[in-house]
Amino acid sequence: MDRFSRVKVMITSDLARVVMVAVLIVWNNHLPVVYLVAFGLSAGAVFFNPAASSLLPSLVPDDELVAANSGLWSSAVLTQVALAPIAGLVAATAGFEWAFALNATSFALSALALRGLQDAEESLPLVAASMWRQGVESLAVVFGDRMLRALAVAQALAALSAGATSALLVLLAADHLEVGGAGYGAMIAAIGVGAFVGPLLLTRFADQVRGPVVIFGAFGLRGLLDLVLATVVALPAALATLMLYGLATSTGSVSFSSLIQSRVSARLRGRVFSAFDVIWHTMRLLSLVLGGVLAETVGIRGVFYAGGALLLAAALSGLSAYGRPCAAGECDPRSSAAAPLAD
């Protein structure tokens with residue numbers, strides 16, 4: 001990731017996704033093609049997202065990272081809420097071909113807009129080490145720094161929880177809350193409202209609240225809310241709980257990204273974000289498998305009780321690590337990241 005211009009990585013990812021979505025305009029009724037394109041789109045996001053997160057500190061001052069990440073998060077949520085119904089309407093009225101054409105156009109416009117950032121991107125030193133050596137060094141930075149190590153452990157536990165609970169929320173709505181499609185839609189909307197409002201509140205109180213407290217506190221709050229979701233049976237109570245869950249998720253995620261951006265040097269930032277992405281997607285995939293097994297054996301409420309326990313464990317592990325004194329050089333990854341890589 002750090003071998004190349006972050007802007008060029010993002011533009012290339014967008015252009016590749018234009019081509020992949022364009023394939024669905026012609027072959028959207030062939031299931032193997034749909035699966036392959038879905039895989040390709042996910043792979044594109046794996047390149048785009050770490051590059052975008054790594055680029056942001058080049059564009060805004062360090063003390064404005066929380067505000068910038070908050071704005072990006074809230075605008076993304078608002079765009080999804082606004083465009084999802086439009087895409088559904090286009091697909092229902094004009095056909096799936098036009099919906100995919102609209103999607104491809106969005107990636108093309110993103111690539112066009114990103115071209116304007118090329119002059120603002122900071123130049124990075126030439127990296128002569130192999131990709132394997134760079135990957136090993138990024139993991140050494142993550143696990144050699146107390147805070148980054150705590151974030152990695154907490155994220156792994158959170159992903160092990162969230163994969164199953166997010167995928168099986170529809171089952172909770174049907175089997176536990178006994179609501180239909182409209183009720184489930186209201187539950188998703190409640191999460192969206194909380195996810196939109198959370199970063200706005202975080203920006204308002206950014207000076208009073210420190211990043212690690214928000215991150216690990218958000219994990220703990222989400223854990224408690226999962227326990228509540230597994231217990232309540234009234235839809236209004238579930239909606240209020242999910243709104244708070246969306247708020248906790250968004251504020252925690254914004255603080256998470258902002259802390260890494262300010263803590264890791266530009267030379268390693270892309271690889272560190274990629275390492276966290278690997279942790280997240282690996283544990284989330286495992287969560288999906290284990291969640292299905294758990295739902296079959298103990299029921300859907302057991303999935304959310306287990307998910308809540310994992311999130312509480314993530315919060316406790318992070319807060320415990322955050323409260324311990326640092327060993328020599330353990331709290332500043334820049335000290336190990338500043339030296340240039342050797343061949």
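Among contacts in the protein between residues at least 6 apart in sequence, 85% link residues at least 24 apart. The model discussed here is predicted. Its secondary structure consists of 13 helices and zero strands, so that the order of elements from the N terminus reads α-α-α-α-α-α-α-α-α-α-α-α-α.

**Burial and surface**

Of the 343 residues in the protein, 41% are buried. The protein exposes about 16900 Å², and carbon and sulfur atoms account for 71% of that area.

Two residues illustrate how individual positions are classified.

| Residue | Helix | Relative accessibility | Class |
|---|---|---|---|
| Ile-279 | α11 (residues 266–298) | 18% | buried |
| Val-197 | α8 (residues 181–204) | 30% | partly exposed |

**Ile-279 in helix α11**

Ile-279 lies in helix α11, which spans residues 266–298. Because its relative accessibility is 18%, and buried means under 20%, Ile-279 counts as buried. Leaving aside residues up to four places away in sequence, Ile-279 touches Ala-152, Gln-155 and Ala-156. The C-alpha atoms of Ile-279 and Leu-157 are separated by 9.8 Å, with the two positions 122 residues apart along the chain counted as their separation.

**A nonpolar patch involving helix α8**

Val-193, Val-197, Leu-201, Phe-205 and Met-243 form a nonpolar surface patch of about 380 Å². Helix α8 (residues 181–204) provides the largest share of this patch, namely three residues. Val-197, one of the patch residues, is located in helix α8. Val-197 is classed as partly exposed because its relative accessibility is 30%, a value that falls between the limits of 20% for buried and 50% for exposed residues.

Technical notes
Residues numbered from 1 in each chain as written. Predicted model: local features only at pLDDT ≥ 70, side-chain atom pairs only at ≥ 80, totals over all residues. Heavy atoms only, no water. Helix = DSSP H or I, 4+ residues; strand = E, 2+ residues; numbered from the N terminus. Buried < 20%, exposed > 50% of the residue type's maximum accessible area, 1.4 Å probe, protein only. Contact = heavy atoms within 4.5 Å. Areas by Shrake-Rupley, 256 points an atom, 1.4 Å probe, with all protein chains shown as cover. Patch = residues over 30% accessible without salt bridge, like charges linked within 9 Å, V, L, I, M, F, W, Y side chains within 5 Å. Salt bridge = Lys/Arg side-chain N within 4 Å of Asp/Glu carboxyl O.
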